[in-house]
Amino acid sequence: MKYISTRNNNISLTSSQAIIQGISKDGGLFVPDQLPQISLEDLKDLDYKKLTFEILSVFLTDFEDNDLKECIENAYDNKFDTEAIAPLVKVGEDYCLELYHGSTLAFKDMALSLLPHLFKKALKINNIDEEVVILTATSGDTGKAALEGFANIDGIKIIVFFPEEGVSKIQKLQMKTQEGANTFVVGINGNFDDAQNGVKKIFNDEIFIKRLDKNNYILSSANSINIGRLVPQVVYYFHSYFELVRNNQINLGDSINFTVPTGNFGNILAAYYAKKMGLPINKLICASNENKVLTEFFDTGIYDRRRELKLTSSPSMDILISSNLERLLYHLDESHEDLTPIYMEDLSKNGFYKVIKENLSEFYAAFATEDEVSETIKRVYEKYDYLLDTHTAVAYNVCKKYQKETNDKTKTVIVSTASPYKFASTVASSIGIDLKNMDEFEVIDEISKKVNSDIPKSIKDLKTKEIVHENNCNKEDMREIIKDFLGVGGSSA
Ligand SMILES: *Cc1c(COP(=O)(O)O)cnc(C)c1O
């Protein structure tokens, strides 16, 4: 399997090369040149790790089988607090796929527990002995999960930029207390899009990259633009489907829906890939918060980022430029007229684009307001004794809107992306806890008492951890701070 750029079919890399590069030099994203068909019958009884191996091996074709198996063993071990890795829980008529049982309590762990191991193998396959610098922009969860994954890995440094005013208290604390001499964390005076754009610009800055190269560094990314993030995410869509079959909720071959709380469009794109590989999916339901650019896009075919970013209680979805949508556009461009680069040019020059031929009907999209998020957390807790985090509540709310609007009775899996303890204040006030002057940890204790569930260990540990990262910069100064970290100073490049 080869990986080609969404902006130029002539750029073609192996999977290990695409993982190392992260993003194509022309600014495009790497996409697999085909989506292989999978036999449901062959995979239906596999456990999470074995299933991961089967899916990875069709995408990452230049990795040795034994290497892949070793990576998978190292990724999905006791860092996860359940052997099921990704449990599926029935909530009313629907099912929640809990992807937050890894060490940072968000679904990013599903891919980022694996990526560093894949990365190390990829460097070996390509005989690269330069030091790798992982550069990542985060809306809160990617940063911590990437830091955890890459901390103390030889030959790799990791630099994470997060929006100072755009992440939850717990998310910020998780990052600022990160251990590992190879980790660097910087708060940006701006929002997530500023951080993400800054990182993208650095990747396209040839002079800067040459300077790093001279100092024996190569740049890469752990953002969901990296194909090594996307492929592991395909796995849990198959896994949850087979869980439904094994629990006699559906028959093999029946169609189901997925509702995915969406920001950068990475998670739901993985669902789309699963569908194209033969997983029987009826609707892909794309759930947004009040930053509803994607809802409008699926309704009108116009993607328009020209608005203020809102800071919501689901910060990991506070995004106006959903990077991975570029991959969907590429796959939907069935007439092969190379429309994707034109759209992306429009977006960067004019702030919007309108798709002309693409059929978007495989998707349904809607959004949830802040009030609806709180109401949903309250209602689901009272009715089903099940606590949703803010992101999953967005998805739950949108799922109900879809079902009401269409009367579609297809079984639906709601993708649960974070632990409610990670977004404690909103969750607590939604279920009637009076926050008074409580600090975040007191709020967490109150939730635990009220709903009678254990506080995840990584949150407890956070309380006593030392803050070791205090860096902050303006979005214009990201290059300078990188140069400082790496000791490759000198006048501006
Ligand atoms: C990152 C994240 C999302 C959004 O996922 P995308 O792949 O960016 O669409 C949703 N919920 C949580 C908790 C996240 O961390």
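The lining of the largest cavity divides into 7 nonpolar, 14 polar and 3 charged residues. Here Ala, Val, Leu, Ile, Met, Phe, Trp, Tyr, Cys and Pro count as nonpolar, Asp, Glu, Lys and Arg as charged, and the others, Gly among them, as polar. The model is predicted: local features need pLDDT of at least 70, side-chain atom pairs count only at pLDDT 80 or more, and totals for chains, interfaces and linings use all residues. Residues are numbered from 1 along each chain as its sequence is written, and side-chain values use heavy atoms, without hydrogens and water.

The whole structure holds 4 cavities of 30 Å³ or more. A cavity is a set of points, on a 1 Å grid over the protein atoms alone, where a 1.4 Å probe fits but cannot get out; lining residues have an atom within 4 Å of a point. The largest cavity encloses about 260 Å³, a volume being the space filled by probe spheres set on the points. Its lining counts 24 residues, with Phe107, Lys108, Gly263, Asn264 and Ser316 nearest the centre.

The ligand sits in this largest cavity, as more than half of its atoms lie within 2 Å of the cavity's grid points. Around the ligand are 15 residues, each with a heavy atom within 4 Å of it. Lys108, Asp141, Gly263, Asn264 and Thr417 come nearest.

Polar contacts are pairs of N or O atoms within 3.5 Å. A side-chain N or O atom of Lys108 is 2.6 Å from a ligand oxygen. Backbone N or O atoms also approach ligand oxygens, at 2.8 Å for Gly263 and 3.2 Å for Gly266.

Note on methods. A polar contact is a pair of N or O atoms within 3.5 Å; within protein, one must be able to donate a hydrogen and the other to accept it, and residues adjacent in sequence count only if both atoms are side-chain atoms. On a 1 Å grid over the protein atoms alone, a cavity is a set of points where a 1.4 Å probe fits but cannot get out, and a pocket is an open set with protein on both sides within 12 Å along at least five of seven lines; lining residues have an atom within 4 Å of a point.
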